[in-house]
Structures are given as C-alpha cells and as structure tokens.
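Biologist: I should like to learn how the features of a model such as this one are to be read. May we take them in turn, with the general idea stated before each case?

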Amino acid sequence: MNGIKHHISDDLLMGYAAGALPQAFDLVVATHVSLSDDARARLAGFEELGGVVLSDMEEADLAEDSLERTLARIAGTPVREKRVEPSRGIFPEPLRKIVGGDEDAVKWRSLGTGARQSLLHIEDGVSARLLYIPAGQAMPEHGHRGMELTLVLKGAYRDETDRFARGDVEFADEDMDHTPIAEDGEDCICLVATDQRLRFKGLLPRIAQPFIGI
Amino acid sequence: MFNDHAEQVAAAGGFVPISLGPRPCRAAHDGTVTPTEKTELHWVACVTAIAKDGDKASFARLFRHFAPRVKAFLIKSGADESLAEECMQDVMATIWQKAHLYDASRASVATWIFTIARNRKIDLLRRYARPEPEALPWGPEGEPDQADVMALQQDIERLAAAIRQLPEKQRILIERAYFGELTHSEIAAETGLPLGTIKSRIRLALERLRHAMN
C-alpha cells in the first residue's frame, strides 16, 4: 500500500523474523507487513539473515532412518495449496483470522465515552486489542509503563508527534505521554499491542482501569 | 557467437561499442540455470525439480544438506533430541509439500527453509500459530525472471560472506537472536551488514511482480 509515512522499526522487524516477539506484537507486525511493501522487503532482509545462520549451523546427527521416515510422511506428490484470496475488507488476513472476520465481526465493548475496544489476546501482561475511537474524539491521555505499538486500520488520528493514517504504526514507550485524537469525518480503528497495562492520568479512568483492562 | 560483430569491428581497427544494457548472462538467455555454477542456484534447482516433477533425488540432496542443520537449529532453540528430530522431519516434509510456493526471486532456499523451521518451532515450543503476513495476491504464479533470481542469490552470497567476516562477538549475537535467546530489545540491528541491498532487490522484485499482474 502506498502512502504509509510511519514505518516499523528494524528491531521489531528483526525480532519478528527471529520469532522472538510476544504473540501480541507478532500480530501487529504481521498485519503491518501485509499493508506495507517496504516492511515486507525489509523483513525479507532479516529473514535472509536467519537463512545464513541456518546455513552456518554445525550439523546435528540424524536418526538412522531419518530420510526414510520423512519420505513416509510425504504421501505421494506435492500438495497444491489453494491461493489465499486477498482480504477485501479493512482487516488484512492475519487480523481477520484472529477476529473471525472483518470489522463487522468484532465483539466490541464500550469504554463509556463512545470509544470501544475488543481484547484479542492477552498473555503475561502482553495484550493485543482493537480500539475504536469515534471521529473527533480523544483516547484518554495515558503514559506507558512498558511499550505500545499502534497500527491504524481505518480513519486517522493525530497526537503530539504527527498524523497517523491507515498502515502507519506508532511506537511508544514509558517516556512518552500522548493523546491520540481521531480526525473529524471518519471513526478511527487501531490495532494496539501493549506490553503492560497503561497508566491513565485522569482520576476517573485510573479508577476504571482495572475494570476495563486497558 | 554474440561477440562476432565486436571482433570484426575490432579487427578492422574500429571502435568497439560498450553495451550499457544488462550484462550478458547465460542464465537469462535460455531460461535455465546451471546448477553447479553456484551453490545457491543448485538448491533453487532442487526445489524447482521437486515442485515440477516430484523429484525424489533432488529432495534427498536437499535433505542431506539441510536436515542436519535444521535439527541443530531446533536443538539450539531449546528442543530436545527427539523433539528436534520429529520437528525436523516435519519441516523437511513441508518443504516437499510447499515446493511450488517457493519464489527464488524473493528468498534463498536456506531462508525459505529457515522460515518454515522457525514457524514450526513456535508451533511446538511456544504453542501458538504465528500470525503470518497476508500472501501477495500477485505471484508467484509463473516462472520468476531468471535475471532477478541470479541477482538476488548473488546479493545473498554477499550477505553470507559479510556475516562470516564479522567479529566473533557480533556473529554470536546474531546467532543468539535467531535461536530466540535474546528479547527483541536486546537485538541490535545495526551490524553494518548489506541488508539494504537485499531490501532494494526484493522491493524491485515486488514491483515487477505487481506490474506484471496489473
């Protein structure tokens, strides 16, 4: 997709290539790569690095009948897999897979102010969720205890740093306080991976935080 | 002989024109590669023979080279001997089954195998199906352009050479990253490796593919 201005960092791409990221971040990276030729090409570079590491491995001893048993696993001729049709909605395939469909299949929960969220995955304090911010509205101001990776899927938002539209990613860590505001005209949907719970600054959201799980 | 004309001109004491077009390349002329020319191209030819003819001899050749390395990679990544053997057979069987999906203008064979092994490792050791980027809707359907294949495989050989020349410490750091021993924030991507060249090459291949499909 053209027009992506905010690209994903090399260390996240390399972590994804190496298979070292938490699952929630894998999802955001895979979804972003689906939308960006640039990220796809850079990822391929990091995977080549993995290929060289593999080529340079010292050889392990195999079981005696290793090849025979592998051949036995292969029944007949190569399997022709059907080509996966590109997604026509706003969710690329890796996201559509975990949601079980496109935008209309999301099970939203209200955040009270018109904003909504849908928790997709959580493990060891690392979560992936979809956020829905109505046009013109702000996400509650928050700092970060850990890191947060946001990918815009629909609409656009602005914060203190810049404007972010479909395909753009924004990375934030504990040093960053930002207030994303959805642009007028279109509601904004983002996919967000967070490595720890966010700490809201406003009093009410802080009280609500344990209950809404953001 | 393609240089007859130049020889005649030279013999006549004339000016020999210097071609600015693509360098003469044997592989590009008749659409085939000579497997013994380059190791990388040898593996490409093996995968192609599996995809086209279900060639078991080619598979055995790939197996003898890659199976011990895949198994070593899995052991280094934390699998025990029997799990690594089992998982390696699975990876090698997948290579047979997915041979027709391999695109030599976008990755080396070692890299393609690395990605299959990495995904299987995440399946088994971390117990989740890793989210993968959406497959490209435009390719690889026909034969990739042989000049593209040659160029990419040469870039990859350059990358491999660069890694082998790295100081021991840095090389070990890269290996550890790909064995999953480092968290993503510990992975420093600034190694001065010629990854940019590969990125440009793959971008070019993506653009050509896209153009061919439109």
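Modeller: Let us begin with a contact between the chains. In this predicted model, the charged end of Arg130(B) is placed over the ring of Tyr16(A), at 3.7 Å from the ring's centre.

Biologist: Over the face of which residue does Arg116(A) lie?

Modeller: Arg116(A) lies over the face of Tyr132(A), 3.9 Å from the centre of the ring. Arg116(A) also has a place in the sheet, since it belongs to β2(A) and stands opposite Ser110(A).

Biologist: How should the sheet itself be read, and what is the order of its strands?

Modeller: Strands of a sheet pair through backbone hydrogen bonds, in either a parallel or an antiparallel manner. Here six strands of chain A form an open sheet in the order β1-β2-β3-β10-β5-β8, and the pairing is antiparallel. β1 (109–110) and β8 (169–172) of chain A are the edge strands; each has a single partner, so one side of each lacks a neighbour in the sheet. The pairing of β1(A) with β2(A), residues 116–123, is antiparallel and comprises two bridges.

Biologist: Which helix packs on this sheet?

Modeller: Helix α2 of chain A, residues 23–35, does so, touching β2, β3, β5, β8 and β10 of that chain. The direction of this helix makes about 40 degrees with that of β5(A).

Biologist: By how many bridges is β10(A) joined to β3(A), and by how many to β5(A)?

Modeller: β3(A) and β10(A) run antiparallel and are joined by seven bridges; within this pairing, Ile133(A) stands opposite Cys188(A). β5(A) pairs with β10(A) over six bridges, again in the antiparallel sense, and Glu148(A) has Thr194(A) as its bridge partner in β10(A).

Biologist: Are the faces of β10(A) covered or uncovered?

Modeller: In a regular strand, side chains alternate between the two faces of the sheet. Both faces of β10(A) are covered: one carries Cys188(A), Cys190(A), Val192(A) and Thr194(A), the other Ile189(A), Leu191(A) and Ala193(A), and all of these are buried. For Cys190(A), the relative accessible area is 2%. Leu131(A), found in strand β3 of chain A, is likewise buried, with a value of 4%. Although 59 residues separate Leu131(A) and Cys190(A) along the chain, their C-alpha atoms are 5.2 Å apart.

Biologist: Why is Cys190(A) not bonded to Cys188(A)?

Modeller: A disulfide is a covalent bond between the sulfur atoms of two cysteines. The cut-off applied is 2.5 Å between the sulfur atoms. The closest cysteine sulfur to that of Cys190(A) is in Cys188(A), at 3.7 Å, which is too far for a bond. Over all chains, the count of disulfides is zero.

Biologist: How are aromatic pairs described, and how many are found over all chains?

Modeller: A pair of aromatic rings is described by the distance between the centres and the angle between the planes. The search of the whole structure finds nine such pairs over all chains. In one of them, the rings of Phe59(B) and Phe63(B) have centres 6.2 Å apart and planes at 45 degrees, so the pair is tilted. These two residues are four apart in helix α4 of chain B, residues 56–76, and are therefore separated by about one helical turn. Both Phe59(B) and Phe63(B) are buried.

Biologist: Which residues do ring pairs link into a cluster?

Modeller: The cluster consists of Phe73(B), Phe114(B), Tyr178(B) and Phe179(B), linked by ring pairs.

Terms used. Residues numbered from 1 in each chain as written. Chains lettered and ligands numbered in written order. Predicted model: local features only at pLDDT ≥ 70, side-chain atom pairs only at ≥ 80, totals over all residues. Heavy atoms only, no water. Pairing = 2+ DSSP bridges. Contact = heavy atoms within 4.5 Å. Axes fitted to C-alpha atoms, helices over the stretch in contact; angles between N-to-C directions. Buried < 20%, exposed > 50% of the residue type's maximum accessible area, 1.4 Å probe, protein only. Phe/Tyr/Trp six-rings, centres within 6.5 Å; stacked < 30°, edge-to-face > 60°. Lys NZ or Arg CZ within 6 Å of the ring centre and 35° of its normal.
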